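Me: I'd like to go through the labels people put on a structure and ask where each one comes from. Can we take them one at a time?

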Amino acid sequence: MRKRLLAFVSGLFVLMLLVTACSGNGGGNSGGNAAGGNAGDGNTGGTEGKSGENLKKVVIKFDPQSHLPKKPDAQDPTERKVLDELNKEYMELHPNVTIELVKVPSTQDRSAWLQARMMAKDAPDIFWSNFEETWNNYKKGWFLPVDEWLKKPNPYNEGKEWESTFIPGILDSVRAPDGKIYDIPADGVGVAIFYNKEIFDKLNLQIPKTWVEFMDVQAKIKESGVTPFAFNIVNKGCCDAQWTDALIHNQFLIGNIDDLDTNANNRLDPMEIAQATQDGKMPNKDIRREEFTLYKEWAQYWPKGFAGKYDKNEMFASGKVAMMFGGSWTIAELNAMKLPFEFASFNFPMITKESASLSTETGAKIYGPWGPGQWIIPGYLQKDDPDKIEAIMDYLMFLSKPANISALDKETESEPNIIGAEAPAGHEVFQADIPIIVAQHFTAYLGQAFSDKFESALTLYLTDQLSLDEFLTQVEQFYKQGAADTISQQGS
């Protein structure tokens, strides 16, 4: 009896040891996550990382562009600290991960910098670049395709599929000509017309809703002795000429691209524009004629030296002009200037058939992924350090949590592209229920040579050095050559 009791106690003791050993092994569920996270956790995403002492140490070098924390200074009185706070929170969840922020000097040519970094394989693990840059260089293998990662659940956003958490259409807008996504567009910007409320009130002017009203408002402002609009075309690549082309041209395209939109994503992608050009469908010379007739009509209300260099913000701030183009970031710039008058903004007016018979009479707005939260990962990591990619993606999922991207964008006056995130106060104009452009401006779609030629010819036309017919003939030639180049590059 005593022997049987001793045997029972010994067996019970062994059983308890086994149970204890098995329960101690429970952390194995997250063993494959380089960030130490728990993909099943719909809120924190990585609390188990605190006990992951044996997890691989990961250092993520991150170029956050304008989200980079900074102290107030003379040029920019805003303080940015949210990213530091979020990084601290993330590293507490994942003690094996270190986030190191990288600052690229504002004087640095980003394209030259990117090429040098890729050749040397020493780019930040996450870096900023406009998505068009990926369109120009993805064939070189510089960028990591992220499509498969976007289909994974985001543990920091209730486990929802990551791509489903982006506002509709924004991922398609950065899709490269090969159909892949290389840029994760967590935030973006909007474009609007900023105006001097004091001038509008003094002249008893209302916000123009149509092109006719827009021209009438500017005629009255000009009669008062004030320049109506600080339009500037001299800066190649951005912005007034390109924005105007997109805002006007798209009012002829929206709802009218079924025979051009071959992949049915409700956008005209570079390859679709190139193919439509080779098929003789683009450019539509009749549409372009109406568009650039409007463009030229507007030019009478710009400063006399609009083709030269000048600071349009300064002209606006001094009250010399009543209106100017601006973006989400312009709000912070104008606030920092402490203007002696109130300013506000409105969306580009609708072009009705009264002004252009081929217009679809559908307004258009520029709202896109050009914010500081454009996240790109070097393509060479896939071969050189594939384990790091999982940690990088986990960190970016954390940053794209609605509350996190909202906090980041409040500092930079950017527009969050995540469903459930909140835009900064005063950004209602960018959130207005107006169709987003379905084709980018001329700078974006048929290559740099096409863009440069188009812009040079446009300047000559607007300054009366080319007739409308001469300009349209040149544009047609630019399209054909640009299409040939784009299709040739795609096949190489």
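**Where the labels come from**

Reply: Sure, let's start with K56: its relative accessibility is 44%, so K56 counts as partly exposed. Buried means under 20% relative accessible area, exposed means over 50%, and partly exposed is in between (1.4 Å probe, protein chains only). Keep in mind that this is a predicted model, where local features need pLDDT of at least 70, side-chain atom pairs count only at pLDDT 80 or more, and totals for chains, interfaces and linings use all residues. Residues are numbered from 1 along each chain as its sequence is written, and side-chain values use heavy atoms, with hydrogens and water left out.

Me: What makes K56 and D385 a salt bridge?

Reply: The side chains of K56 and D385 meet at 3.5 Å, N to O. A salt bridge is a side-chain nitrogen of Lys or Arg within 4 Å of a carboxyl oxygen of Asp or Glu, so the label applies. K56 lies in the loop between α1 (2-24) and β1 (58-62), and D385 in the loop between α14 (381-384) and α15, so the pair ties together parts that are 329 residues apart in sequence. Those element names come from DSSP runs, numbered from the N terminus: helices are H or I with at least four residues, strands are E with at least two.

Me: Which residues form a network with K56?

Reply: K56, D385 and D387 are linked in a network of salt bridges.

Me: Is D385 called buried or partly exposed, and why?

Reply: D385 has 22% relative accessibility, so the label is partly exposed.

Me: How many salt bridges are there in the whole structure?

Reply: A search of the whole structure finds 19 of them. R175 and D172 are a further pair, with their side chains meeting at 3.1 Å, N to O. R175 counts as partly exposed because its relative accessibility is 22%, and D172 gets that label at 24%.

Me: What about K197 and E342, how do you know that they meet in a salt bridge?

Reply: Their side chains come to 3.8 Å, N to O, which fits the salt bridge label. This pair links distant parts of the chain, with K197 in helix α7 (residues 197-202) and E342 in the loop between α13 (330-336) and β9 (343-346), 145 residues apart. K197 is partly exposed, at a relative accessible area of 28%, while E342 has 56% and is therefore exposed.

Me: Why is helix α16 described as largely enclosed?

Reply: Count its buried residues: eight of the eleven in helix α16 (residues 402-412) are buried, so the rest of the structure largely encloses this helix. The buried ones are P402, N404, I405, S406, L408, D409, E411 and T412. Among the elements covering them are α2 (82-93), β6 (187-196) and α15 (386-399).

Me: What makes I405 buried?

Reply: The relative accessible area of I405 is 0%, so buried is the right word. Leaving aside neighbours within four places in sequence, I405 is in contact (heavy atoms within 4.5 Å) with A186, D187, W375, L399, P416, I418 and A421.

Me: And why is D394 called buried?

Reply: D394, found in helix α15, has 7% relative accessibility, so D394 counts as buried. Its C-alpha atom is separated by 8.4 Å from that of P155, although the two are 239 residues apart along the chain.

Me: Why are α9 and α11 called oblique?

Reply: Helix α9 (residues 240-253) and helix α11 (residues 285-299) pack at an angle of about 135 degrees, with their axes 10 Å apart. Axes are lines fitted to C-alpha atoms, for helices over the stretch in contact, and angles run from 0 to 180 degrees between N-to-C directions. Under 35 degrees counts as roughly parallel, over 145 as roughly antiparallel, 65 to 115 as roughly perpendicular, and the rest as oblique. So α9 and α11 are oblique to each other.

Me: What about α11 and α18, why are they oblique?

Reply: The axes of α11 and helix α18 (residues 448-462) come within 11 Å and cross at roughly 55 degrees. These two helices are therefore oblique to each other. The contact is made by R288, F292, T293, Y295 and K296 of α11 and F454, L458, Y461 and L462 of α18.
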